[in-house]
Amino acid sequence: MEFEIIRLIAGEKRYYPTSVDLGILDDGNYIKHDEIDIPLGKSRYGGPIIDLPPDIAHPEGLRFVCQLDLGEISKHDKHDLLPKTGQLIMFCDIMTEKGKIYYANILNEDLKRTIVEHEDNFWDGVIIEEVKAETEKLEDRYRLPEDEEEEEEFEEYLNEEGKFWDEFAGTDVSKIFGIFTHCQWGEEEIKQKISENKTVLVQFGNNGFNTGGVFSVWIDTEDLKHLNFDNCEYHWGQS
């Protein structure tokens, strides 16, 4: 099985709240949020810098996850499911897996910049530097044992090709659409998700966005077509 996805590539620099003392985290790849120049509406993940429509406030009790400039991203949508213009702005509490998503068909220059500094989840941010169309295959979720010891350990799970399901496969990809990824879910759970009429609205993995975890949002495909974001599922899979 092959799936069309929109691949999201992170920028090299991360930015963080000026009020936070990085300490040992300061590896030279961080920049204070008031020293970085981010255009209004630029797609990004996490951090204290949020560009909101004038009639939308930061929801209480949730953290800013991302905003997606659909004018940029939808150009790579081969499913024709995303709006062609506007902003998709997401907030979440990963401890309760509750969230809120806003869609606003608004010009970037009409957004209002908001700064929310904190040290909770999604405290630092990164720009989505590049967006491109790609494909992924279900068969890539399987791999060969690395040695005889691993072959013996997973012997009962090997398929006809001598491969077994790799729960960590796909965790290093950030994307829209494609195969649902959760490193704490097994083969049958993921296949069940694939069989549902649902869509990966977004996934941020361990390729410059996260370290050691995958954040993803799952949406009913019909809800996405009607821009109804009230019933989304929010998942954090910790490796």
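**Exercise 1. Thr 181**

Decide whether Thr 181 is buried or exposed in this predicted model, and list what its side chain bonds to.

Solution.
1. The relative accessible area of Thr 181 is 2%. Buried means under 20%, so Thr 181 is buried.
2. In the chain, Thr 181 belongs to the loop between β12 (175-176) and α3 (187-195).
3. Its side chain has a polar contact of 2.8 Å with the side chain of Arg 141. The Thr 181 side chain also reaches the backbone oxygen of Ile 179, at 3.3 Å.
4. Leaving out residues up to four places away in sequence, Thr 181 touches Arg 141, Ala 169, Gly 170, Thr 171, Lys 175, Gln 203, Val 214 and Ser 216.

**Exercise 2. Two loop residues**

Assign Asn 121 and Lys 75 to an accessibility class, and place each in the chain.

Solution.
1. Asn 121 has 28% relative accessibility. The partly exposed class runs between the 20% and 50% limits, so Asn 121 counts as partly exposed.
2. Asn 121 sits in the loop between β8 (112-115) and β9. Its side chain is joined to that of Asp 120 by a polar contact of 3.5 Å.
3. Not counting residues up to four places away in sequence, Asn 121 touches Arg 63, Ile 94 and Met 95. From Asn 121 to Gly 47 the C-alpha distance is 9.2 Å, with their positions 74 residues apart in sequence.
4. Lys 75 has a relative accessible area of 68% and is exposed. Its loop runs between α1 and β6. The C-alpha atoms of Lys 75 and Asp 37 are separated by 24 Å, and the two residues are 38 apart along the chain.

**Exercise 3. An aromatic pair**

Classify the geometry of the pair formed by Tyr 142 and Trp 165, and state which parts of the chain it ties together.

Solution.
1. A pair of aromatic rings is described by the distance of the centres and the angle of the planes.
2. For Tyr 142 and Trp 165 the centres are 5.2 Å apart and the planes make an angle of 85°. An angle over 60 degrees counts as edge-to-face, and this pair is edge-to-face.
3. Tyr 142 lies in β10 (residues 142-143) and Trp 165 in β11 (residues 164-165), so the pair ties together parts 23 residues apart in sequence. Both Tyr 142 and Trp 165 are buried.
4. The structure holds 14 aromatic pairs. Tyr 45, Phe 122, Phe 204, Phe 209 and Phe 215 form one aromatic cluster.
5. A charge is also placed over a ring: Lys 193 lies over the face of Phe 180, 5.5 Å from the ring centre.

**Exercise 4. The nonpolar cores**

Identify the residues with the most contacts inside the largest nonpolar core, and the elements that build this core.

Solution.
1. The largest core has 33 residues, and Leu 68, Met 90, Leu 201 and Phe 215 have the most contacts inside it.
2. Two or more residues each come from β1 (2-16), β5 (63-69), α1 (70-73), β6 (87-93), β9 (125-137), β13 (198-204) and β14 (213-220).
3. Beyond its neighbours within four places in sequence, Leu 68 has contacts that include Ile 73, Met 90, Ile 128, Ile 176 and Val 202.
4. Another core, of 10 residues, lies apart from the largest one; among its residues are Trp 165, Phe 180, Ile 190 and Val 200.

**Exercise 5. Strand β13**

How many residues of β13 are buried, and in which sense does β13 pair with β14?

Solution.
1. In β13, 6 of the 7 residues are buried, so the strand is largely enclosed by the rest of the structure.
2. β13 and β14 pair in the antiparallel sense, over 6 bridges.
3. Within this pairing, Thr 199 stands opposite Ile 219 in β14.

Technical notes
Residues are numbered from 1 along each chain as its sequence is written. This is a predicted model: local features need pLDDT of at least 70, side-chain atom pairs count only at pLDDT 80 or more; totals for chains, interfaces and linings use all residues. Side-chain values use heavy atoms; hydrogens and water are left out. Rings of Phe, Tyr and Trp (its six-membered ring) pair if their centres lie within 6.5 Å; planes under 30 degrees apart count as stacked, over 60 as edge-to-face and the rest as tilted. Helices (H or I, at least four residues) and strands (E, at least two) are DSSP runs, numbered from the N terminus. Buried means under 20% relative accessible area, exposed over 50%, partly exposed in between (1.4 Å probe, protein chains only). A charge sits over a ring if NZ of Lys or CZ of Arg is within 6 Å of the ring centre and within 35 degrees of the ring normal. A nonpolar core is a set of buried Ala, Val, Leu, Ile, Met, Phe, Trp, Tyr and Cys residues joined through side-chain atoms within 4.5 Å. Contact means heavy atoms within 4.5 Å. Two strands pair if DSSP finds at least two bridges between them. A polar contact is a pair of N or O atoms within 3.5 Å; within protein, one must be able to donate a hydrogen and the other to accept it, and residues adjacent in sequence count only if both atoms are side-chain atoms.
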